[in-house]
Amino acid sequence: MVNPRHTIVCIEDDREVAALTAENLTDRGFEVVVAHDGQEGLAAILETAPDLVLCDISMPVMSGFEVLERLTALAPRLRDIPFLFMTALTDRDNELKGRHLGADDYVVKPIDFEILFTIVAARLARVARTGLWPRVRLNDREAETLTWVARGKTSVEIAGILGLSRHTVDFHLEKARARLGVATRVEARGTRRDRIPSLGVGLGTRGVDA
């Protein structure tokens, strides 16, 4: 039995596979947070700062590659979280792409849960030995606004989607920026340089919406 405090975010659009994976990991003593698409998964990572991420590659809204790429760009303090891809795409090009983006390992579908558990335990043990990353959590609103940034939305667009003022959106983005260690405009822009707004905004003293 592993430490029950270990949290895993499992991002998988096939609900049956997601449920089976979560069940097996829960039986091993993990706390599992399940997401069914890339956007939902990115938000879950930002909200929970898990000990490890399991992520499918081919998903709607945002692929597994995009999740890892945008997480690394938006949240430098979370980039050392072990990130494992679950995929049926076993070709060399996909594996090289994932590893280039920073993936720690691949788990081939259909999943052998004994192998999965061995890989997960090894990755968690390595993090425990090295102390690679501090635990950083965002609140729901910070994670929500930052997830929309990852999808290429501007502050004005996010304000319209969430029914908030632009000032409030910028406030939450600035709080997220500070928590996650995004120190510069370049880091904040991530990979969608033409659309992602800077998180380095100035703040006034007015209150913010709920």
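How many helices and how many strands does the protein have? In this predicted model, the protein has nine helices and five strands, and the legends below take up its parts one view at a time.

**View 1. Overall order of the elements in the predicted model.** Read from the N terminus on, the elements follow the order β-α-β-α-β-α-β-α-β-α-α-α-α-α, made up of nine helices and five strands. The protein has 210 residues, of which 50% count as buried.

**View 2. Strand β1 and its two parallel neighbours, β2 and β3.** Strand β1, residues 7-11, pairs with strand β2, residues 31-35, in the parallel sense over five bridges, and β1 also pairs with β3 in the parallel sense, here over four bridges. Ile8 can be used to follow both pairings, since Ile8 stands opposite Val32 in β2 and has Leu52 as its bridge partner in β3. Between β1 and β2 the view also takes in helix α1, residues 15-27, and together β1, α1 and β2 make a β-α-β unit that is right-handed.

**View 3. Strand β3 and its pairing with β4.** Five of the five residues of β3 are buried, so the strand is largely enclosed by the rest of the structure. Leu52, Leu54 and Asp56 point one way from β3, while Val53 and Cys55 point the other way, and all of these residues are buried. Strand β4, residues 83-87, pairs with β3 in the parallel sense over four bridges, and within this pairing the bridge partner of Asp56 is Met86 in β4.

**View 4. Backbone of Ala49 and Val61, in the loops before and after β3.** Most residues other than glycine have a negative phi. Ala49, although not a glycine, has a positive phi of about 45°, and its place is in the loop between α2 (38-48) and β3 (52-56). Val61 is likewise not a glycine and has a positive phi of about 70°; the place of Val61 is in the loop between β3 and α3. Is each of these residues buried or partly exposed? Ala49 has 0% relative accessibility and therefore counts as buried, the cut-off being under 20%, whereas Val61, at 46% relative accessibility, counts as partly exposed.

**View 5. Helix α3 and its buried residues.** Eight of the eleven residues of α3 are buried, so this helix is largely enclosed by the rest of the structure. The buried residues are Gly64, Phe65, Val67, Leu68, Arg70, Leu71, Ala73 and Leu74, a set in which the charged residue Arg70 appears among nonpolar residues such as Phe65 and Leu68.

**View 6. The largest pocket and its lining.** About 190 Å³ of space lies in the largest pocket. The pocket is lined by 16 residues, and those closest to its centre are Arg79, Asp80, Ile81, Gly102 and Asp104. The elements that give two or more residues to this lining are α3 (64-74) and α5 (113-130). By class, the lining residues of the largest pocket divide into nine nonpolar, two polar and five charged.

**View 7. The cis peptide bond at Pro110.** Most peptide bonds are trans. The bond that joins Lys109 and Pro110, however, is cis, with omega at about -5°. Pro110 is found in the loop between β5 (105-108) and α5.

**View 8. The largest cavity and its lining.** A search of the whole structure finds one cavity of 30 Å³ or more, and the largest cavity has a volume of about 40 Å³. Its lining is formed by Asn24, Leu25, Arg28, Phe113 and Phe117, and the elements that give two or more residues to this lining are α1 and α5. The lining of the largest cavity has three nonpolar residues, one polar residue and one charged residue.

**View 9. Helix α7 and the glycine just after it.** Helix α7 spans residues 155-162, and its buried residues are Ser155, Ile158, Ala159 and Leu162. Seen down the axis of α7, these buried residues fall within an arc of 105°, so they line one face of the helix. Just after α7, Gly163 takes a positive phi of about 70°.

Note on methods:
Residues numbered from 1 in each chain as written. Predicted model: local features only at pLDDT ≥ 70, side-chain atom pairs only at ≥ 80, totals over all residues. Heavy atoms only, no water. 1 Å grid on protein atoms, 1.4 Å probe; cavity = no way out; pocket = protein on both sides within 12 Å on 5 of 7 lines; lining within 4 Å. Points joined across faces, edges and corners; volume = space filled by probe spheres on them. Pairing = 2+ DSSP bridges. Right-handed = clockwise from strand over helix to strand, strands pointing away. Buried < 20%, exposed > 50% of the residue type's maximum accessible area, 1.4 Å probe, protein only. Arc of directions from axis to C-beta.
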